[in-house]
Amino acid sequence: MNKFLTVIIRVYNREKSIVKCLNSVLSQTNIDDVQILIINDCSSDNTLSIITKIKNENPNVCIDIVSHEKNMGRGKALNTAKYHIDRKSTRLNSSHHWLS
């Protein structure tokens with residue numbers, strides 16, 4: 001059964017936690033119709049390069065990255081996300097949390 005889920009992850013300077021967060025989403029079974037939507041709120045560390053590497057290592061998974069040109073805060077990042085959601089259901093996940 002296909003799932004219709006977008007997992008939104010807002011990131012800002014989360015190079016220390018984003019790998020664990022993304023791996024927790026990627027490790028879920030039956031993610032064939034899951035969109036992982038990452039809103040990069042102008043991180044100044046290696047967060048974006050880490051995300052890009054993980055995206056390139058998982059070409060069969062829908063990982064969309066939207067980057068702000070300046071830090072706009074959590075509310076604006078979530079507002080940005082609503083224009084990029086591509087599935088029927090949505091789950092918001094913080095970049096320093098992970099799924100089990």
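Student: Which residues of helix H2 (residues 47-57) are buried?

Tutor: In this predicted model, they are Thr47, Ile50, Ile51 and Ile54.

Student: What puts those buried residues on the same side of H2?

Tutor: Look at the arc they cover around the axis: only 95 degrees, which puts them on the same side of the helix. The face turned away from that buried side carries Lys53 and Asn56, and both are exposed.

Student: What does the buried side of H2 pack against?

Tutor: Its buried residues pack against S1, helix H1 (18-26), S2 and strand S3 (62-67).

Student: Let's stay with S1. Why is strand S1 (residues 5-11) called largely enclosed by the rest of the structure?

Tutor: Count its buried residues. Five of the seven are buried, so the strand is largely enclosed.

Student: How do you know that S1 and strand S2 (residues 34-40) pair?

Tutor: Set the bridges against the cut-off. Two strands pair if there are at least two bridges between them, and S1 and S2 have seven, in the parallel sense. So they count as paired. To see one bridge up close, find Thr6: its partner in S2 is Gln35.

Student: Now His68. Where is it?

Tutor: His68 is in the loop between S3 and helix H3 (74-82).

Student: Why is His68 called buried?

Tutor: Buried means under 20% relative accessible area. His68 has 12%, so it counts as buried.

Student: And what makes the pair His68 and Asp41 a polar contact?

Tutor: The rule asks for a pair of N or O atoms within 3.5 Å, one able to donate a hydrogen and the other to accept it. The side chains of His68 and Asp41 make such a contact at 2.7 Å, so the distance fits the cut-off.

Student: Which other residues is His68 in contact with, leaving aside its neighbours within four places in sequence?

Tutor: Besides Asp41, the list has Ile39, Asn40, Cys42, Lys76, Ala77 and Thr80.

Student: Zooming out, what pattern does the protein follow along the sequence?

Tutor: The pattern reads β-α-β-α-β-α-β, and the protein has three helices and four strands.

Student: How much of the protein counts as buried?

Tutor: Of its 100 residues, 40% do.

Student: And how many of the contacts between residues at least 6 apart in sequence join residues at least 24 apart?

Tutor: That share is 83%.

Student: What about the surface: how much of the exposed area do carbon and sulfur atoms supply?

Tutor: The protein exposes about 6,000 Å², and carbon and sulfur atoms supply 48% of it.

Definitions and conventions. Residues are numbered from 1 along each chain as its sequence is written. This is a predicted model: local features need pLDDT of at least 70, side-chain atom pairs count only at pLDDT 80 or more; totals for chains, interfaces and linings use all residues. Side-chain values use heavy atoms; hydrogens and water are left out. Buried means under 20% relative accessible area, exposed over 50%, partly exposed in between (1.4 Å probe, protein chains only). Helices (H or I, at least four residues) and strands (E, at least two) are DSSP runs, numbered from the N terminus. The arc is that of the directions from the helix axis to the C-beta atoms. Contact means heavy atoms within 4.5 Å. Accessible areas come from the Shrake-Rupley method with a 1.4 Å probe; for residues, only the protein chains shown count as cover.
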